[in-house]
Every structure is written in C-alpha cells, then in structure tokens.
Amino acid sequence: MTTHLDDNALTMLASGEMPRVPAALAGWHLSRCADCRAQLTQTERLWTLAQTLREASVPSALKSKTLAAINRKETVPLSPRPAFRLRPTFAALAACLAAVSVALLWPGSPVRPLPAFADVEKAMSKVQSATWTAKLTSYPQDFWGMTEEFWVRRSPPAVASLTTEKRVGTYRTVQDAHRFASFFSKSNQYYTRSNQQAHANIARHVEQTLRALTELPQSGQTTEMSADGFDRGLETGFRITGAKFVRTVTPWKSETTILAGQSALKFTREVRRMVTRPKQSQSAGRTFHADTAQTIWADAKTLRVIRAEWRQSFDGRISLVSLRSNFRYDEPAPPGTFDLAPPPGATIKDEMDYARPKRRK
Amino acid sequence: MMTEHKEGSETAAAEFDALFSQYAGRVLAFARRLTGSVAEAEDLTQDTFVAAWHGRAAFGGRAKMLTWLLGIAVRRHRDARRAPRLETIPECPELAGEGFAEQSLERLALESSLAELDENLRAAWLLVASQGLTHKEAADVLARPVGTVKWQVATASRRLRAALEENDIK
C-alpha cells in the first residue's frame, strides 16, 4: 500500500473492523508513514473520548415516568413495590414540610400577610450605598460571560464596576454625575465623556439599581409595540426589523424561605416577551418567546435585597443567567473606588470616540 | 388467581427493571446528543422504553437488545422531527445535569463540535464511535446502506478531529 490511509480506513482501523488483509497492508503503510500514524493516533484519541459519551446517569424520576406511561396504556402490570415505598416517603416529606412551615411561621402570626415587593422597594430606597457581585453566564456552550464587582452610591450618584469579561478581559468602569470613564486593561484605552444626558442617565441608573435592582416596568403591565424604535437588542437578545413585540410582566409572588441559614422572603415574577417576526423575513410570521424568570430574595427583617437571579430563556431554552449576590449595604467604599484616573500609557478617547468605539477583540 | 396475577406482575416488573437499568443510560446518552436537549432526550428515552415494552414480543433476538432499542429511538426521533415544532437551541452541558465542572475541556470541546455536526453524521458517528456498534449494526439502526454509514462516520470523524485540533485540545 503506497497511498495514504483515507478517512474510511482510519475509522475502520480505530473501530477494529478492518478485515485482516487490508489491516495488514495498512499496518505496513503505517510503519513507513508518520503522517498517517499521526492521523490514526488522532482518530483513536477521538474514539477514546467518544467512550466517555457512552452512558448517561439516568434521573431517578425517568424510570417512574416511564412506568407511569406504560401503565397508562394498561399493558404492563407493575411492581407494587415502588408505589408502596413512595407513599410513606411522600408522607414523611409532607410532614417535614409542614413542620418546617410551622417552625418558620412561629412565633409570627400565621395570618399576617407577607410583605409585598413594594416594601422591599421602600427599604431599598433608604439605602445610601451598596456593593454586590454579579455573574452573567450565557448558554449554549457558555460562549460569553462576565463577573462584575459593583459599588453603587446614591449621593452623589455614582456607579463603579470591576468587570472580568470572558472574551475581553478585565476592565474598570466608573460613572458619576460628571463623567463616564472606562479603563480596558487589554487595549489600555481610557474612555471619557461628560454631558447633560450622561448625568441624567447615571442618576436614573443609580436610583433604579438601588430601588429594585431592575429597570423593567411595574408588574402587571402588558406593553405592545412595534419593535422599530425600541432597543430590541437589549430586550430580546436579537434584532428584528418590523417585528411585533408584546411584553407582559406578571405580578410578584412572595413566599418565605431559608437562604444561607437565614429567614428570607422570596419574590418571583415572569417577564414574558413575545416577538412575531415580520412577514417579509425568512421565518415569516413566526412567534418567538424570550422570557425572563426573575427571583429576588430579601432579608426577612430588613427587607433589603440579598440575592437576585434572572434566568432568560429563548423558546423555553435557557439562554442567559444573571446572578447577583454578596450584597452589603452602607459600608464605606475602599479609597479610590469611585476615582478612575487614566493609567500611565493609556490611550485617552474623547466622547466622540466613545460614541463609536472600535470593536474589541 | 390473584396469586398468579401477582406473580405475573412481579415477573414483568423484574423484567422491566432489568431492561431499564441495563440500557436506559446508553439510550439516554445517545438521545441527549441526538436531540441536543435534556428534556427531549428524556422524553425520547421514555418513548423508546414504552414502545420497546409494548413491542417486546416482536423482538426476535436477531439483533442485540441495545441495537434494537437504539433503532426505536432513532425512528421515534425522526417521527418527532416531522411534527411541527418550535425552533430550539441546544442546551448547555451545565444545565444538562452532567456536572459541568467534572467534564474535561476536551470532552466539552467534543460535545460542542458534535452539536454542530449535521444530524445524520452525528447519529452515525455516535452509534459507532460512542455506542460501540459495528458499521453494519449502525446501518440497521439508521435504516441506511452500510456504505452510506461508513462514509458518514468517516466524514464526522474527520470534522471532529479537525475541530479538536483547532481548539488546541491535546
């Protein structure tokens, strides 16, 4: 055999299916051809890796679901054991839940209504400064994500963040009522701007951030609009021209819970976004759903936010998770938190440059 | 009468237990990569075992049990694909409940490259390389000529090799 081994020969060798004579010929060739040896090694490595995908751990519920599906068709008599075993388990679970619920409610009055989310907003309106960690993870394949350390100050309004972005690196941002400044460590560029609009935006951003950690409209609202003129990229994660856009925000639901060993209030709501693509587009008239399940945990005593989680999904599949935790309030910020001087050697970009920044690699 | 029925029930239950515990992990692993979705994979696995149970009398033992089950899974998946459905995106390994942190970078790269393959190539490659079927068995499962399956497995291997090399996974 003088010609190189083709893909088929490599896979037949890797799978051990090549008949004896051709295998012997291939072996003779391999003994003289380093390229084909390397290709075979790669293929065998791929085969070895493939073995790790052979078996998955089966969720315990899958078996019972399958049995139930079979039972529905009334063809297989099932072992009474699982049902017999499950019944006391459920009873014990229910008893535990009941006991925990009673323990949580006692000594407070069980008939007293839970605080509303408006009470959380009220408590947050009294906060002067806050710091937390935000982690964003995108799906599928975690192709983009970032961790941010935030400091927010109400008076004078300022926001500072230290961001580690997976594809960009680390950079610092400071926004206050008089300027906006970012320092990107990779490109070593320092952006700055200062105008009236920026001041108003920053002050509003601080208020919204501290009051409820959300910039979305009030619960219970439904908004219908053409996606034109709307910041579709931010809202839906994709841009569509001429699309119809309907957003519904469900009322907050509240419940008591335990978070990190402490009594907490858990508020949940759904922000449902329905986008219908225009007739001229490739998927004409199709409707997509970009929803966000929002959960906020507040301390049961202070009613301040202690954790917030946004799970954004696209057509029911999770696409982005934002988790904010490690909240601390009214602590003195470390010196220099809200100061950002251009580091030595940094390129200073003016407002015009910032308005159209070059794409970061 | 009651005793006989009870004994029959217990025998059937034991048979199902044995079938499920031996093959569910293999079918689920295959379904997960085929569908790209945990929920769909579990549904497909469930459908496969329900259909297998109802049709167990038709299993003549000519093929291996695993080959037979995977064949059912492939046919069920094709049926489901023909039905109108919303466009979906694959889920990430973390949410697939497989212990994201426990997976090697190499395996993550493979999963990612595999998800980008054409479904026919992916199915053929998974059956042969991952599930350990021969090309002939894979051809039976996929109801395609052996030559086609050989070409599909070889093409998928070449693309996956290239993708892993691009990712500098060594």
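**Figure 1. Strand E1 of chain A, tucked in between its neighbours.** In this predicted model, nine of the ten residues of strand E1 (residues 129-138) of chain A are buried, so the strand is largely enclosed by the rest of the structure. Look to one partner and you find E2(A), which runs antiparallel to E1(A) and is joined to it by nine bridges. One pair to pick out here is A:Trp132 with its bridge partner A:Phe150 in E2(A). E1(A) also pairs with strand E13 (residues 317-329) of chain A, again antiparallel, through eight bridges. On that side, A:Thr131 has A:Arg328 of E13(A) as its bridge partner.

**Figure 2. Strand E3 of chain A and the strands it pairs with.** Six of the eight residues of E3(A) (residues 158-165) are buried, so this strand, too, is largely enclosed by the rest of the structure. E2(A) (residues 145-153) and E3(A) run antiparallel, with eight bridges between them. A:Thr147 and A:Thr164 of E3(A) make one of the bridge pairs. Strand E4 (residues 169-176) of chain A also pairs with E3(A), in the antiparallel sense and over eight bridges. There, A:Ala158 is matched with A:Asp176 of E4(A). While you're at E4(A), have a look at A:Arg172, which sits in that strand. A:Arg172 is partly exposed, at a relative accessible area of 26%. Its C-alpha lies 8.2 Å from that of A:Leu340, although 168 residues separate the two in sequence.

**Figure 3. A cis proline in the hairpin between E2 and E3 of chain A.** Four residues make up the hairpin connection from E2(A) to E3(A). A:Pro156 is in this loop, and the peptide bond joining A:Ser155 to A:Pro156 is cis, with omega at about -10°. Bear in mind that most peptide bonds are trans.

**Figure 4. Two loop residues of chain A with positive phi.** Most residues other than glycine have a negative phi, so these two are worth a close-up. A:Ala260 has a phi near 50° and belongs to the loop between strand E9 (253-259) and strand E10 (262-276) of chain A. With a relative accessible area of 78%, A:Ala260 is exposed. A:Asp330 has a phi of about 50° and isn't a glycine either. The loop in question for A:Asp330 runs between E13 and strand E14 (347-349) of chain A. A:Asp330 counts as partly exposed, at 37% relative accessibility.

**Figure 5. Helix H6 of chain A and a nonpolar core.** Helix H6 (residues 117-125) of chain A has five residues to look for on its buried side: A:Phe117, A:Val120, A:Glu121, A:Ala123 and A:Met124. Viewed down the axis of H6(A), they fall within an arc of 160°, so they line one face of the helix. An α-helix has 3.6 residues a turn, so residues three or four places apart point the same way.

**Figure 6. The largest nonpolar core and a second, separate one.** The largest nonpolar core has 59 residues, and the members touching the most others are B:Phe49, B:Leu69, B:Leu70, B:Leu110, B:Trp125 and B:Leu127. Helix H1 (residues 2-35) of chain B gives the most to this core, with twelve residues. A separate core of 24 residues takes in A:Val120, A:Met124, A:Trp132 and A:Phe327, among others. In soluble globular proteins, nonpolar side chains tend to be buried together.

**Figure 7. B:Trp125 and its contacts in both chains.** Setting aside neighbours within four places in sequence, B:Trp125 contacts A:Leu46, A:Trp47 and A:Ala50 in chain A, while its contacts in chain B include B:Leu110, B:Leu114, B:Val153 and B:Leu160.

**Figure 8. Helix H2 and B:Glu137 in chain B.** Helix H2 (residues 38-54) of chain B is mostly covered, with 13 of its 17 residues buried. At 1.5 Å a residue H2(B) should span 24 Å, and its end C-alpha atoms are 24 Å apart, which agrees. Elsewhere in the chain, B:Glu137 is part of helix H6 (residues 135-142) of chain B. B:Glu137 counts as buried, at 18% relative accessibility. Apart from neighbours within four places in sequence, B:Glu137 is in contact with B:Lys64 and B:Thr67.

**Figure 9. How confident the prediction is in chain B.** Chain B has an average pLDDT of 78, and 78% of the residues score at least 70. Residues 1-5 of chain B stay under 50 in pLDDT, with zero contacts beyond four places in sequence. Residues 84-103 of chain B also stay under 50, but there the model has 47 such contacts. For the model, ipTM is 0.83 and pTM is 0.45.

Terms used. Residues numbered from 1 in each chain as written. Chains lettered and ligands numbered in written order. Predicted model: local features only at pLDDT ≥ 70, side-chain atom pairs only at ≥ 80, totals over all residues. Heavy atoms only, no water. Core = buried A, V, L, I, M, F, W, Y, C linked by side-chain atoms within 4.5 Å. Buried < 20%, exposed > 50% of the residue type's maximum accessible area, 1.4 Å probe, protein only. Contact = heavy atoms within 4.5 Å. Pairing = 2+ DSSP bridges. pLDDT = per-residue confidence, 0-100. Arc of directions from axis to C-beta. Expected span 1.5 Å × (residues − 1).
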